[in-house]
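Got the model open in your viewer? Here is a walk through it, stop by stop, with something to select each time.

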Amino acid sequence: MPKIKMPKGTPSIDMTPMVDLAFLLVTFFMLTASFRTAEPVTVETPSSISDKIIPENVLMVTLDKDGRVFFNLSDPEARKEMLNDMLGKYKVSLNQEQVEEFSFMSTFGCTMQELPAYMKTEAAKRAGFPTKGIPTDSTNNELLDWISFAAKAAGNTGRTAFEAAKAKGADPKMEDFKPKFILRVDSKTLYKDAATVIDVFRDLNLNNLNFVTSAEAIPVN
Amino acid sequence: MAQIAESGGGDHGKKGKKRAKKGSTHVDMTPMVDLAFLLLTFFVLTSTFSKPKVMPLNYPAKVPDGEKVDAPKINNAATFILADDKVYYYRGEFYSKSQPGKDGPTELEEANFGSGENSVRKLLASWNDYVIKNKAILEQKLDKKQIADTTFKRKLDDLTKKPEAVKVLIKTDDKALCKSFIDLVDELKIANVGVIAPTDLSPGEKELLKEKN
């Protein structure tokens, strides 16, 4: 009797194209993804039509919805210089390791007295650090010192970077290397609180500020 | 390719006769594919495409202590007052009840952030008509390559400083939120207002505001 052969086993599907595509996408997303560093505050920024991308060399003051003030300087080199100036002025000491760690941190917010304890806290737990943020009141205006030292330090590193770019033969604009002053506010922050910080900037004669916003479509008339 | 390899260890199949296994190059790719998709899902979900944007805003320089500077006369000014969750505005200069101007004392009008009647957007579009019209002409010239990009920017800048262009003062109440402030500045930028000055409330305005609430 002739035997009819039935196909046995699992039907095989050629998965190659699918796998190719999957890896292509993985590679794409891996290369485009930019990871956000852990931030001690979550801020929901308002939206605007502005399409200016946040610049490189920035000095950023963050205000959360309770009006607590946080600070960030993007350049690690400048951060170290700024921290040393601050430690000297307020007579607070940190060990070498902590200074090193500080220079690679992102946003932080505490008084100078709290700083050693803040640095001892594990990075992941800093969000819960009990603090009122950086003081801005006129009797103890630490923010003013942070900003003025940061502006000086970032100005120096910006100039070095400018000179380095010039030496390479490029035709850089000094304007691109100067530190920019950014204010990141939560939608629910009281403007009064933001005005206090803005006044600190204005006291230092830094009048060109930038507000961080999320993008929004330009309305069509 | 990529099919699940059949287990060859069993005693099924033909009795006795053992065939030499044909050299198969099939590799079981399933775990790899699983992993690839897992990673893919992870990156798709975590990646953020929109980098935060910034909105530049220039504040007026502070007057040094002890120096007294009279408020400059601004022609074609509009003042917005942000209170709690409301927006008020008035045009021109402020006249208190005790010293009314030729149109009587200043009254606050209410506006909103929608796009309909009495919205900030509509108001600004009508006030800043001159700039918006001239900007359109400039844009046409730019499209036709009659003027350069830099010229366009400079001309637009000059345009917003002309007497016909509206200049806006922003004043905020203690309870105003940053959101409404940014929204307002955003509306001003949409309407091509070039001169924006955030300032403090004057005592007269504070009183007017109190009456409103």
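Before the first stop, a word on handedness: a crossing is called left-handed if the near helix is turned anticlockwise from the far one by less than a right angle, and right-handed if clockwise. Helices (H or I, at least four residues) and strands (E, at least two) are DSSP runs, numbered from the N terminus. What you are looking at is a predicted model, in which local features need pLDDT of at least 70, side-chain atom pairs count only at pLDDT 80 or more, and totals for chains, interfaces and linings use all residues. Residues are numbered from 1 along each chain as its sequence is written, while chains are lettered from A and ligands numbered from 1 in the order in which they are written.

**Stop 1: the two first helices**

Select residues 16-32 of chain A and residues 30-46 of chain B, which are helix 1 of each chain. Helix 1 of chain A passes helix 1 of chain B in a left-handed crossing. Two packed helices are described by the angle between their axes and the distance between the axes. In this pair the angle is about 35° and the axes are 9 Å apart. Axes are lines fitted to C-alpha atoms, for helices over the stretch in contact, and angles run from 0 to 180 degrees between N-to-C directions.

Now show the side chains. Which residues of helix 1 of chain A meet helix 1 of chain B? They are A:V19, A:A22, A:F23, A:L25, A:V26, A:F29 and A:M30, and they face B:V33, B:A36, B:F37, B:L39, B:L40, B:F43 and B:V44. Contact here is a matter of C-beta atoms, placed from the backbone, lying within 7 Å. By class, this contact has 14 nonpolar residues, no polar and no charged. For the classes, Ala, Val, Leu, Ile, Met, Phe, Trp, Tyr, Cys and Pro count as nonpolar, Asp, Glu, Lys and Arg as charged, and the others, Gly among them, as polar.

**Stop 2: the rest of the interface**

Widen the selection to everything that touches across the chains: 48 residues of chain A are in contact with 42 residues of chain B. On the chain A side, helix 1, strand 2 (52-53), strand 5 (180-185), helix 7 (191-203) and strand 6 (208-215) each supply at least two residues. Helix 1 gives the most, with nine residues. Colour that side of chain A by class and you get 24 nonpolar, 16 polar and eight charged residues.

Next, pick strand 1 of chain B, residues 53-58. Strand 6 of chain A runs antiparallel to this strand and is joined to it by six bridges; strands pair if DSSP finds at least two bridges between them. Look for A:N208, whose bridge partner in strand 1 of chain B is B:N58. Strand 2 of chain A also runs antiparallel to strand 1 of chain B, joined by two bridges, and there A:I53 has B:K53 as its bridge partner.

**Stop 3: chain A as a whole**

Zoom out and hide chain B. Chain A has seven helices and six strands, in the order α-β-β-β-β-α-α-α-α-α-β-α-β from the N terminus. Its radius of gyration, taken over C-alpha atoms, is 25 Å, well over the 17 Å that the globule rule gives for 221 residues, so chain A is more spread out than a compact globule. The globule rule is 2.2 Å times the number of residues to the power 0.38. Along the principal axes, the C-alpha atoms of chain A fill a box of roughly 105 × 45 × 45 Å.

**Stop 4: the sheet in chain B**

Switch to chain B, which has six helices and six strands. Five of the strands form an open sheet in the order 4-3-2-5-6, with mixed pairing. Strand 4 (109-111) and strand 6 (196-199) are the edges, each pairing on one side only. From one strand to the next, the twist averages 30°. Inside the sheet, select strand 2 (residues 77-83) and strand 3 (residues 86-91): they run antiparallel, joined by six bridges. B:A83 has B:K86 as its bridge partner in strand 3. Helix 5 of chain B packs on the sheet, touching strand 2, strand 3, strand 5 (167-172) and strand 6, and its direction makes about 155° with that of strand 2.

**Last stop: helix on helix in chain B**

Keep helix 5 (residues 178-190) and add helix 2 (residues 120-127) of chain B. Left-handed or right-handed crossing? Helix 2 passes helix 5 in a right-handed crossing. Among the residues that meet are B:R121 and B:L124 in helix 2, and B:E187 and B:L188 in helix 5.

Methods:
Contact = placed C-beta atoms within 7 Å.
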